[in-house]
Amino acid sequence: MDHESETLKHPSPKKEVCGDFCLVDAMEEYKKALFVVCDGLSGHMDSFASKYAAQKLDERIRRRFFNKDQTPLQEIIKIEIDKIDQELKAEHAGTTLEFA
């Protein structure tokens, strides 16, 4: 598995901690690749939210591929993003999520 992730940091006059997170997973065994960029919403849990969302999306898509889930990929992504959103709301956290 070729998998990389990183918490992004950039100088900001207003914040010492950056809530951005990116993840790249080549998923060569499935002939797919996943690129995710998240920007945690303001608050004390923005770093948690962005990292959690990216890693959970990757983990859940991989699990479905491994289990040979026949659900179309776009539907899998929507289902999993909705679940992640609910999980983050329960923690009073949020993030934007862009993927390709």
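Guide: A residue counts as buried under 20% relative accessible area, as exposed over 50%, and as partly exposed in between. The model shown here is predicted. Take Asp 69 as a first case: it is partly exposed because its relative accessible area is 26%.

Visitor: What does Asp 69 form a salt bridge with?

Guide: A salt bridge pairs a side-chain nitrogen of Lys or Arg with a carboxyl oxygen of Asp or Glu, within 4 Å. The partner of Asp 69 is Arg 64, and the closest N and O atoms are 2.6 Å apart. Arg 64 counts as buried because its relative accessibility is 17%.

Visitor: How many salt bridges does the count come to?

Guide: The count comes to 11 salt bridges. One of them joins the side chains of Asp 25 and Arg 62, at 2.7 Å from N to O. Asp 25 lies in strand β2 and Arg 62 in helix α1, so this pair ties together parts of the chain that are 37 residues apart in sequence.

Visitor: Are Asp 25 and Arg 62 buried or exposed?

Guide: Asp 25 and Arg 62 are both buried. For Arg 62 the relative accessible area is 12%, which means that it falls in the buried class. The contact between these two side chains, at 2.7 Å, is also listed as a polar contact.

Visitor: Which residue forms a salt bridge with Asp 82?

Guide: Lys 78 does, with the closest N and O atoms 2.8 Å apart. Both residues belong to helix α2; they are 4 residues apart, so about one helical turn separates them. Asp 82 is partly exposed at 38% relative accessibility, whereas Lys 78 is exposed, with a relative accessible area of 52%. Salt bridges can also share partners: Arg 60, Arg 64, Asp 69, Glu 80, Lys 83 and Glu 87 are joined into one network in this way.

Visitor: What describes a pair of aromatic rings?

Guide: Two values do: the distance of the centres and the angle of the planes. This structure holds 2 aromatic pairs. In one of them, Tyr 30 and Phe 65 are 5.3 Å apart from centre to centre, with 45° between the planes, and the pair is tilted. It links distant parts of the chain, with Tyr 30 in the loop between β2 and β3 and Phe 65 in helix α1, 35 residues apart. Tyr 30 counts as partly exposed, at 24% relative accessibility, and Phe 65 as buried, with a relative accessible area of 17%.

Visitor: What is the angle between the planes of Phe 48 and Tyr 52?

Guide: It is 35°, with 5.3 Å from centre to centre, and this pair is tilted too. Phe 48 and Tyr 52 both lie in helix α1, 4 residues apart, or about one turn of the helix. Phe 48 is partly exposed, with a relative accessible area of 36%, and Tyr 52 is partly exposed at 21%.

Visitor: How many disulfides does a search of the whole structure find?

Guide: A disulfide is a covalent bond between the sulfur atoms of two cysteines. The search finds 0 in this structure. The cysteine sulfur closest to that of Cys 22 belongs to Cys 38, and at 9.4 Å it is too far away, so there is no bond. Cys 38 counts as buried because its relative accessibility is 1%.

Visitor: Which residues touch the most other members of the largest nonpolar core?

Guide: Val 36 and Ile 61 do, in a core of 19 residues. The elements that give two or more residues to this core are β2, β3, α1 and α2. Helix α1 gives the most, with 6 residues. Val 36 also shows how contacts join parts of the chain that are not neighbours in sequence: leaving aside residues within four places, its contacts include Phe 21, Leu 23, Ala 54, Leu 57 and Phe 99.

Visitor: What sign does phi have in most residues other than glycine?

Guide: It is negative in most of them. Met 27 has a positive phi of about 45° although it is not a glycine, and Lys 31 has a positive phi of about 55°, again without being a glycine.

Visitor: Where does Lys 31 lie?

Guide: Lys 31 is in the loop between β2 and β3, and Met 27 lies in the loop between β2 and β3 as well. Their accessibility sets them apart: Met 27 counts as buried at 2%, whereas Lys 31 counts as exposed at 80%.

Note on methods
Residues numbered from 1 in each chain as written. Predicted model: local features only at pLDDT ≥ 70, side-chain atom pairs only at ≥ 80, totals over all residues. Heavy atoms only, no water. Buried < 20%, exposed > 50% of the residue type's maximum accessible area, 1.4 Å probe, protein only. Core = buried A, V, L, I, M, F, W, Y, C linked by side-chain atoms within 4.5 Å. Contact = heavy atoms within 4.5 Å. Polar contact = N/O pair within 3.5 Å; in protein donor to acceptor, adjacent residues only side chain to side chain. Disulfide = S-S within 2.5 Å. Phe/Tyr/Trp six-rings, centres within 6.5 Å; stacked < 30°, edge-to-face > 60°.
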